[in-house]
Amino acid sequence: MKIIRSPQTISAISKKLKLKKKTIGLVPTMGALHKGHLSLISEAVRENDFVVVSIFVNPAQFGPREDFKRYPRMVNKDIMLCRSRGVDFIFMPKPDHMYPKMFTTYVTVEGLSNVLCAKSRPGHFRGVTTVVTKLFNCIPADIAYFGQKDIQQAIIIKRMAKDLNMPVAIKIMPTIRESDGLALSSRNIYLNVKERKDALVLFKSLKLAKGLIKSGVSETGKIIHAMRRIIRGKNVRIDYVAIVDSDNLIPIQKITKGCIIALAVWIGKTRLIDNVIVR
Ligand code: AMP
């Protein structure tokens, strides 16, 4: 396994692999790898001749009052995990490799980037789509892997790749959870013992929604109301609870096949998200 820091070097290596007709899988991450990331990596290793994992805490997707500085960085452990899973290259650029002085070009997916999480994280998805475009340009991957955990991000990237004719397939992998249902996230380490318990309300409320749908409730208003009622706690604050169409992320009145139930909740100072797709 090689660790590459420069965009030019990873470009040159990837180009050579493509000339040899090798397939490349790309797994973009911000590091602090957990089993969620590892499921993406394992799928990429299974499906491609070569796998690149990018590890980059992307400053462009953090707001000025967000946790960019404190975001967990565990490079040595990440390297060990990637090596043990059969990754071929870790691409680990420095911020000024990706955003040199005079950088002024951004990629935005209109509409989808202004709803749900974007309301409390303005500019976040512009940062995501810009960095992912840069990664796609450096690494001509056949398949790029993203997690359902960040469903809005995955849908936006799918749309971006389609709209801009990017020659890469986007594969969305299921959310990996702790045994009690909490979705794995690098940010879970911010939670203290009490907050970790409170954080279960995300999964519980999604489970409640699924139960209601199974029992025949189809009015989304009723489901959202029931979800909001069980999300309680001294230190718990709802950012949003929404049931949306999976193509345009617009709220719907009645449950449809494939619609998304998504929520974001503040547990103390930590903002957590989760979702399910109604099958
Ligand atoms: P991040 O490092 O948080 O930017 O995540 C990198 C990729 O891993 C994204 O595509 C995430 O959606 C995905 N991911 C994060 N957590 C999970 C999880 N619990 N299950 C599956 N995928 C995940």
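Domain 1 and domain 2 of this predicted model bury about 1600 Å² between them, with 60% of it on carbon and sulfur atoms. Buried area here is the accessible area, taken with a 1.4 Å probe, that two parts lose on being put together, summed over both. The model is a prediction, in which local features need pLDDT of at least 70 and side-chain atom pairs count only at pLDDT 80 or more, while totals for chains, interfaces and linings use all residues. Residues are numbered from 1 along each chain as its sequence is written, and side-chain values use heavy atoms, leaving out hydrogens and water.

## How the two domains meet

The domain assignment gives domain 1 as residues 2-173 and domain 2 as residues 186-273; such bounds come from an automatic or database assignment. Their C-alpha centres lie 26 Å apart. Across the boundary, 22 residues of domain 1 are in contact (heavy atoms within 4.5 Å) with 15 residues of domain 2.

How many salt bridges are there between domain 1 and domain 2? The count is 1, where a salt bridge is a side-chain nitrogen of Lys or Arg within 4 Å of a carboxyl oxygen of Asp or Glu. Arg-187 forms a salt bridge with Asp-67, and the closest N and O atoms of this pair are 2.8 Å apart.

## Two nonpolar cores

A nonpolar core is a set of buried Ala, Val, Leu, Ile, Met, Phe, Trp, Tyr and Cys residues joined through side-chain atoms within 4.5 Å. Buried means under 20% relative accessible area, exposed over 50%, and partly exposed in between (1.4 Å probe, protein chains only).

Which residues touch the most other members of the largest nonpolar core? Among its 47 residues, they are Phe-136 and Ile-139. This core draws at least three residues from each of domain 1 and domain 2. Leaving aside residues up to four places away in sequence, Phe-136 touches Leu-26, Ala-144, Phe-146, Ile-157, Met-160, Met-166, Val-168 and Ile-170. There is also a second, separate core of 26 residues, which includes Leu-200, Ile-224, Met-227 and Val-265.

## Helix 10, inside and out

Helices (H or I, at least four residues) and strands (E, at least two) are DSSP runs, numbered from the N terminus. Helix 10 spans residues 220-230, and its Thr-220, Ile-223, Ile-224, Ala-226 and Met-227 are buried. Seen down the axis, the buried residues of helix 10 fall within an arc of 160°, so they line one face of the helix; the arc is that of the directions from the helix axis to the C-beta atoms. The cover over these buried residues includes helix 9 (200-214), strand 7 (236-244) and strand 8 (260-267). On the face turned away from the buried side sit the exposed residues Lys-222 and Arg-229.

Glu-219 belongs to the loop between helix 9 and helix 10, where it is partly exposed at a relative accessible area of 31%. Beyond residues up to four places away in sequence, Glu-219 touches Gln-253 and Lys-254. Glu-219 and Gln-253 are 34 residues apart along the chain, yet their C-alpha atoms are separated by 6.0 Å.

## Buried residues in loops and at the chain's later segment

Here are four buried residues set side by side.

| Residue | Place | Relative accessible area |
|---|---|---|
| Leu-116 | loop between helix 4 (95-98) and helix 5 (117-120) | 11% |
| Leu-249 | loop between strand 7 and strand 8 | 2% |
| Val-107 | loop between helix 4 and helix 5 | 18% |
| Val-278 | segment after strand 9 (270-277) | 11% |

The backbone is worth a look at two of these. Leu-116 has a positive phi of about 50° although it is not a glycine, and Leu-249, also not a glycine, has a positive phi of about 60°.

Val-107 touches Arg-126, Thr-129, Thr-130, Thr-133, Met-160 and Leu-164, not counting residues up to four places away in sequence. From Val-107 to Met-227 is 120 residues in sequence and 35 Å in space, C-alpha to C-alpha.

Which residues does Val-278 touch, not counting residues up to four places away in sequence? They are Ile-213, Ile-255, Thr-256, Lys-257, Gly-258, Cys-259 and Ile-261. Val-278 and Ile-260 lie 18 residues apart along the chain, with their C-alpha atoms separated by 6.2 Å.
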